[in-house]
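Subject: Structure handover

Hi,

Here is the structure I promised to pass on to you. Open it up and keep it beside this email while you read.

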Amino acid sequence: MTMCYAFTLCFGDDARRKRQRIRASPSFAPQNILVTGVGMSKGLALARLFYEAGHDVIGADFEPNGVPVNGRYSRSLKKFYRLPKPTAEDGAADYINGLLRTVKRERVDIWVSCSGVASAVEDGQAKEVIERRSHCRAIQFDVPTTRTLHEKDTFIQETERLGLPVPETHNVTSRDAVHKVLHSPKRRSYIMKSVGVDDAVRGDMTLLPRRTLSETYNHVSRLSISRDKPWVLQRFIEGKEYCTHSLVVDGVVKIFVACPSAELLMHYEALPAISALSRAMLAFTKEFVVRRGNGMTGHLSFDFLVDETASEKGAELVLQPIECNPRAHSAVVLFSGMGQEVSKAYLSVLKDDMANGHDYDEQIVMPRQPLKYYWSGHDLVELVLLPFLQLLMGRMHLAVWLRGCSEFAAHLLFWRDGTFEVWDPLPWWMLYHVYWPGQFLASILQRQKWSRVNTRDDEVQTYFLHSATRDENPPASNRIEARESKLRIQSPRAW
């Protein structure tokens, strides 16, 4: 911790001086901005951007097991509030009331919701209450919009209703319905996904049907499928996966970035804004927002697979939206150093340009010269420590381990950590020295089982562990390279 304070003393003045210069401008009026979810990288990144732009930032988050989240120690926060977490037994009333009290006590002008997957709908409820009972504006979709976009089945239905392309998707509520689709004459491959939030199966990307009929039946028999726990069967697309993050204010896309994705995304690199894929995903996002109407305001993130199809004009890449996340995406870390541009986009929700000394235009904010991002704790374990254990047990060659060490060293030297900032190092230190040790200790004491850790979003997650060998039927979602110079991206006009 002494080293963190030394870093702050040596390098923190630049950020502070920049902030002071902005606040000294006669035309600038700082806003009180509440950011929830500062324990996650996306919330912390936004809090820092608002701070750099001269605004007063209040942070809030859940603190599971009583362990303090790392974001509460950020220099960017004027104050931090611990929020009660919504529960199935007590509902979200305490959480919403806690948010409302914070908004009124701190005279918050804008609430920026950076919710996790489990509290997205509750944040939609909170938005409706806060905007009705205070002057605060919320960067959060309302409940109907959040519910529709949050669930996999209703999102696909809504996208299809809007006349936009969707992959073949089947809603199933019984094992018989699953087998009826799997063994249809089409002879296609599918991925099964739980409609609701279920960490126990969230990482299961098993390709169906399996190699034999008995393997297929055995796999499906282990899944809990019913009307209360519906699933979707989605056609397997052998293509590269991408994700996007965007800010939508009153039906206008203000911020956008697209990047390659993965099932557990821990490395971020923005696609060039001028690339055909980035432009196509931006066009889809804008078209979705326009066709849906109702002046949407909130964070909107899509997951896409790129499907290669043959047409009269040759090979064609077709974007297939597979999921939507109506909340902030961790890709927001790619906007580091763009505090003023990002803040202007968020403040446009106030529609009070003169009072804030800002001239808002319709130009979409996109990362300029983005760097590559990683999380040092994740890469240290995945590339160095776990392989070293395999090396000791004779399950790995020395050359392979040294290659992993070299990759980690390259990330350490040339990439940026998603949590660490030279002028604000304490959240990084607290994440690995206090938060995670505390969570591991709580898991041991409470006898909670887990299979992997998400250091990006500060989550201990329990996932389905498949006993079958994945190499028999690997999900090849990362095999096709997008040869943009040779393949044509389908025009939005075709939608």
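Let's start with one pair of residues: Tyr190 stands opposite Leu208 in S8. Tyr190 falls within strand S7, which covers residues 190-194, and S7 and S8 pair in the antiparallel sense over 2 bridges. Bear in mind as you look around that this is a predicted model.

Zoom out a little and you'll see that S7 and S8 belong to an open sheet of 4 strands, in the order S6-S9-S7-S8, with antiparallel pairing. Which strands sit at the edges of this sheet? They are S6 (169-172) and S8 (207-208), each of which pairs on one side only.

Now for the whole chain. The protein chain has 495 residues, and 54% of them count as buried. Its helices number 14 and its strands 18. If you take contacts between residues at least 6 apart in sequence, 72% of them join residues at least 24 apart.

Next, have a look at the hairpin of S10 and S11. S10 (residues 241-249) and S11 (residues 252-260) run antiparallel and are joined by 8 bridges. Two of the facing pairs are easy to find: His245 stands opposite Val257, and Ser246 has Phe256 as its bridge partner. Between the two strands there are 2 residues, and Asp250 takes a positive phi near 50° in this hairpin.

Are the residues of S10 buried or exposed? Buried: 9 of its 9 residues are, and the strand is mostly covered. That goes for both faces, with Glu241, Cys243, His245, Leu247 and Val249 buried on one side, and Tyr242, Thr244, Ser246 and Val248 buried on the other. For S11, 7 of the 9 residues are buried, so this strand is largely enclosed by the rest of the structure.

On to the nonpolar cores. In soluble globular proteins, nonpolar side chains tend to be buried together. Here the largest nonpolar core has 49 residues, and Leu46, Val112, Phe335, Val342 and Tyr346 have the most contacts inside it. Several elements give two or more residues to this core, among them strand S1 (32-36), helix H10 (339-347), helix H14 (426-446) and both strands of our hairpin, S10 and S11. Helix H2 gives the most, with 6 residues. There is also a second, separate core of 29 residues, which includes Phe141, Phe256, Ala280 and Met281.

Try clicking on Tyr346. Leaving aside neighbours within four places in sequence, Tyr346 is in contact with Leu46, Phe50, Ile110, Val112, Ile139, His245, Leu247, Ile255 and His299.

Last stop: a pair of helices. How do H7 and H8 pack? H7 (residues 175-182) and H8 (residues 213-221) pack at an angle of about 145°, and their axes are 11 Å apart. Their crossing is right-handed. On the H7 side the contact is made by Arg175, Val178, His179 and Leu182, and on the H8 side by Thr216, Tyr217, Val220 and Ser221. Sorted by class, that contact has 4 nonpolar, 3 polar and 1 charged residues.

Happy exploring!

Notes: Residues are numbered from 1 along each chain as its sequence is written. This is a predicted model: local features need pLDDT of at least 70, side-chain atom pairs count only at pLDDT 80 or more; totals for chains, interfaces and linings use all residues. Side-chain values use heavy atoms; hydrogens and water are left out. Axes are lines fitted to C-alpha atoms, for helices over the stretch in contact, and angles run from 0 to 180 degrees between N-to-C directions. A crossing is left-handed if the near helix is turned anticlockwise from the far one by less than a right angle, and right-handed if clockwise. Contact means heavy atoms within 4.5 Å. Ala, Val, Leu, Ile, Met, Phe, Trp, Tyr, Cys and Pro count as nonpolar, Asp, Glu, Lys and Arg as charged, and the others, Gly among them, as polar. Buried means under 20% relative accessible area, exposed over 50%, partly exposed in between (1.4 Å probe, protein chains only). Two strands pair if DSSP finds at least two bridges between them. A nonpolar core is a set of buried Ala, Val, Leu, Ile, Met, Phe, Trp, Tyr and Cys residues joined through side-chain atoms within 4.5 Å.
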